[in-house]
Amino acid sequence: MENIVLKIEKLGHCAGLPEYKTEGAAGMDLMAANMEDVILKPLDRVLIPTGIKIELPRGYEAQIRPRSGLAIKSGITLSNCVGTIDEDYRGEVCVGLINLSNEEFTIKRGDRIAQMLIAPVVRAKIQVLGELSATARGTGGFGSTGV
């Protein structure tokens with residue numbers, strides 16, 4: 001496992017720094033830095049501040065992912081599935097949440113709302129061809145390999 005340095009600027013409204021909760025955790029929890037409770041009605045979307053800015057090392061991204069317990073127990077997940085923070089972004093990290101349940105959900109200051117993973121980035125060079133190589137699957141799309 002490679003260790004890198006993640007530089008963080010703690011803003012005045014920060015409720016807590018990102019934290020790995022276990023020794024083997026891949027993602028660090030992000031905490032809500034909203035000053036007042038936010039009530040998220042069914043199918044509502046909201047952008048929640050975390051009170052931090054980050055500076056990633058060159059060649060890395062931060063992936064913002066749902067917290068599995070929050071998603072399965074309460075139906076609260078990310079509105080954009082997985083968020084990406086590019087290495088050159090210097091604004092506040094905010095988390096877009098959506099309530100997929102049938103009940104209101106309250107987001108309180110300090111709640112763990114998402115997890116952040118730091119990952120290396122690979123950039124592709126585009127090569128345009130007249131035809132791609134053949135495979136056994138070919139052009140088979142969704143469900144083409146069975147259930």
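Which residues does glutamate 61 touch, not counting residues up to four places away in sequence? Keep that question in mind while we look around this predicted model.

**Start with the whole chain.** Show the protein chain as a cartoon and you will find 1 helix and 10 strands. Follow the chain from the N terminus, and the elements come in the order β-β-β-β-β-α-β-β-β-β-β. The radius of gyration is 19 Å, well over the 15 Å that the globule rule gives for 147 residues, so the protein chain is more spread out than a compact globule. Along the principal axes, its C-alpha atoms fill a box of roughly 55 × 40 × 30 Å.

**Now switch on the surface.** About 10200 Å² of the protein chain is exposed, with carbon and sulfur atoms supplying 51% of that area. Buried residues account for 33% of the 147 residues.

**Next, select strand S5.** This strand covers residues 60–65, and glutamate 61 lies in it. Show the side chain of glutamate 61 as sticks: the residue is buried, yet it has no salt bridge. Select arginine 65 too; it carries the nearest side chain of opposite charge, 7.0 Å away. Then add glutamine 63, whose side chain makes a polar contact with the side chain of glutamate 61 at 2.8 Å.

**Finally, select the neighbours.** Here is the answer to the opening question: glutamate 61 touches Leu56, Thr84, Ile85, Leu117, Ile118, Ala119 and Val121, leaving aside residues up to four places away in sequence. Zoom back out to the protein chain to finish: of its contacts with a separation of 6 or more, 70% are between residues 24 or more positions apart.

Methods: Residues are numbered from 1 along each chain as its sequence is written. This is a predicted model: local features need pLDDT of at least 70, side-chain atom pairs count only at pLDDT 80 or more; totals for chains, interfaces and linings use all residues. Side-chain values use heavy atoms; hydrogens and water are left out. Helices (H or I, at least four residues) and strands (E, at least two) are DSSP runs, numbered from the N terminus. Buried means under 20% relative accessible area, exposed over 50%, partly exposed in between (1.4 Å probe, protein chains only). Lys and Arg count as positive and Asp and Glu as negative; His and the chain ends are not counted. A salt bridge is a side-chain nitrogen of Lys or Arg within 4 Å of a carboxyl oxygen of Asp or Glu. A polar contact is a pair of N or O atoms within 3.5 Å; within protein, one must be able to donate a hydrogen and the other to accept it, and residues adjacent in sequence count only if both atoms are side-chain atoms. Contact means heavy atoms within 4.5 Å. The radius of gyration is taken over C-alpha atoms; the globule rule is 2.2 Å times the number of residues to the power 0.38. Accessible areas come from the Shrake-Rupley method with a 1.4 Å probe; for residues, only the protein chains shown count as cover.
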